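Colleague: I would like to learn how to read a protein model, one feature at a time. Could we start with pairs of charged side chains?

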Amino acid sequence: MKRVLAIALLLVFVATGEATAKSPWQLDCASMPVEHATPTALRKTTLAFFPWIRPAAKSLQAGPVYLIALSSHTAISRDGDSTDTSGYYLHRALIAIGPTQTGTVTVTGRRLGTPGPRTTLGFSTTGATSCSVSRRLGVVCGYRPLTFATSLRIAPRAGWRVVATELRIGRTGCFQLTARGPGLNQTIPLEVPGPDYGTTGW
């Protein structure tokens with residue numbers, strides 16, 4: 001009887017361990033660095049874009065390209081994000097380029113692994129919806145039609161460049177943004193946890 005009980009407990013432990021390892025909330029991506037304090041020059045813009053986060057939201061990477069998307073160890077939450085008519089989540093973000101990089105910068109994004117349906121990130125080329133904070137309603141975000149593309153081209157300019165956009169996300173998984181320009185080839189990891197498209201809980 002004791003042997004049977006021990007085996008049963010072992011099976012429960014193994015099953016629990018497998019469930020934990022395969023948890024969609026714990027993707028265990030290869031690169032999950034912590035966020036940095038957003039540079040001082042960006043904090044006013046960041047506070048205006050995410051007014052409910054004080055002090056200013058932190059950013060991924062330490063330059064010259066920064067991603068500010070309310071992430072923690074690269075992981076973002078889609079809670080409260082809107083979806084489009086195709087079931088893609090739309091996640092507001094700021095992409096900032098430091099003054100040391102003055103040339104054209106093109107940003108793309110993809111899900112790591114084998115390319116497939118819904119694995120390419122989209123970027124709003126017409127800005128992002130605005131959000132405000134209400135004591136009665138909490139965070140309130142507006143709605144307006146946006147245009148999306150598989151790349152975001154940021155024109156050359158001296159000084160800081162900050163672009164408000166929305167990421168169009170089609171799947172859960174480990175993603176990577178790539179910023180390319182003259183002398184620039186920078187990658188930024190991004191983790192999208194939670195149930196994948198077409199599964200229960202999406």
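**Reading the salt bridges, the helix and the pockets**

Modeller: In this structure, the side chains of Arg111 and Asp196 meet in a salt bridge, with 3.9 Å from N to O. Keep in mind that the model is predicted.

Colleague: What is the general idea behind such a pair?

Modeller: Side chains of opposite charge can pair when their charged atoms come close.

Colleague: Which parts of the chain does the pair of Arg111 and Asp196 tie together?

Modeller: Arg111 lies in strand β4, residues 105–111, and Asp196 lies in the segment after β12 (184–192), so the salt bridge ties together parts that are 85 residues apart in sequence.

Colleague: Are Arg111 and Asp196 buried or exposed?

Modeller: Use the relative accessible area: under 20% is buried, over 50% is exposed, and between these a residue is partly exposed. Arg111 has 23%, so Arg111 is partly exposed. Asp196 has 16%, so Asp196 counts as buried.

Colleague: Which residue besides Arg111 pairs with Asp196?

Modeller: Arg171 does, and the N to O distance in that salt bridge is 2.9 Å. Asp196 is in the segment after β12 and Arg171 is in the loop between β10 and β11 (173–181), so this pair ties together parts that are 25 residues apart in sequence. Arg111, Arg171 and Asp196 are therefore read as linked in a network of salt bridges.

Colleague: How many salt bridges does the structure hold?

Modeller: The structure holds three. One of them joins Arg168 and Asp84, where the closest N and O atoms are 2.7 Å apart. This pair links distant parts of the chain, with Arg168 in strand β10 and Asp84 in the loop between β2 and β3, 84 residues apart.

Colleague: Next, a helix. Which residues of α2 are buried?

Modeller: Helix α2 covers residues 40–49, and its buried residues are Leu42, Thr46 and Phe49. To read such a list, look down the helix axis and note where the residues point. Here the buried residues fall within an arc of 55 degrees, so they line one face of α2.

Colleague: What does the face turned away from the buried side of α2 carry?

Modeller: That face carries the exposed residues Thr40, Lys44 and Ala48.

Colleague: And what covers the buried residues of α2?

Modeller: The cover includes three strands: β1 (65–68), β3 (89–97) and β10 (161–169).

Colleague: How should I read a pocket?

Modeller: Take the volume, then the lining, then the classes of residue in the lining. The largest pocket has a volume of about 350 Å³. Its lining has 18 residues, and those nearest the centre are Asp79, Gly80, Asp81, Arg92 and Cys141. Strand β3 gives the most to this lining, with three residues. By class, the lining of the largest pocket has eight nonpolar, six polar and four charged residues.

Colleague: What does the second largest pocket look like when read in that order?

Modeller: The second largest pocket holds about 180 Å³ of space. Its lining has 13 residues, with Asp84, Leu90, Tyr143, Arg144 and Phe148 nearest the centre. Strands β2 (82–83) and β10 each supply at least two residues of that lining. The classes are five nonpolar, four polar and four charged. Asp84 has come up before, as the salt bridge partner of Arg168.

Colleague: Now the backbone. Where are the cis peptide bonds?

Modeller: Read the omega angle. One cis peptide bond joins Arg54 and Pro55, with omega about 0 degrees. Another joins Gly63 and Pro64, also with omega about 0 degrees. Pro55 lies in the loop between α2 and β1, and Pro64 is found in the loop between α2 and β1 as well.

Colleague: Which residues should I look at for phi?

Modeller: Look for positive values in residues other than glycine. Leu70 has a phi near 55 degrees, and His73 has a phi of about 50 degrees. Leu70 is in the loop between β1 and β2, and His73 is found in that loop too.

Colleague: How accessible are Leu70 and His73?

Modeller: Leu70 is partly exposed, at 31% relative accessible area. His73 is partly exposed as well, at 38%.

Conventions
Residues are numbered from 1 along each chain as its sequence is written. This is a predicted model: local features need pLDDT of at least 70, side-chain atom pairs count only at pLDDT 80 or more; totals for chains, interfaces and linings use all residues. Side-chain values use heavy atoms; hydrogens and water are left out. Buried means under 20% relative accessible area, exposed over 50%, partly exposed in between (1.4 Å probe, protein chains only). Helices (H or I, at least four residues) and strands (E, at least two) are DSSP runs, numbered from the N terminus. The arc is that of the directions from the helix axis to the C-beta atoms. Contact means heavy atoms within 4.5 Å. On a 1 Å grid over the protein atoms alone, a cavity is a set of points where a 1.4 Å probe fits but cannot get out, and a pocket is an open set with protein on both sides within 12 Å along at least five of seven lines; lining residues have an atom within 4 Å of a point. Grid points are joined across faces, edges and corners, and a volume is the space filled by probe spheres set on the points. Ala, Val, Leu, Ile, Met, Phe, Trp, Tyr, Cys and Pro count as nonpolar, Asp, Glu, Lys and Arg as charged, and the others, Gly among them, as polar. A salt bridge is a side-chain nitrogen of Lys or Arg within 4 Å of a carboxyl oxygen of Asp or Glu.
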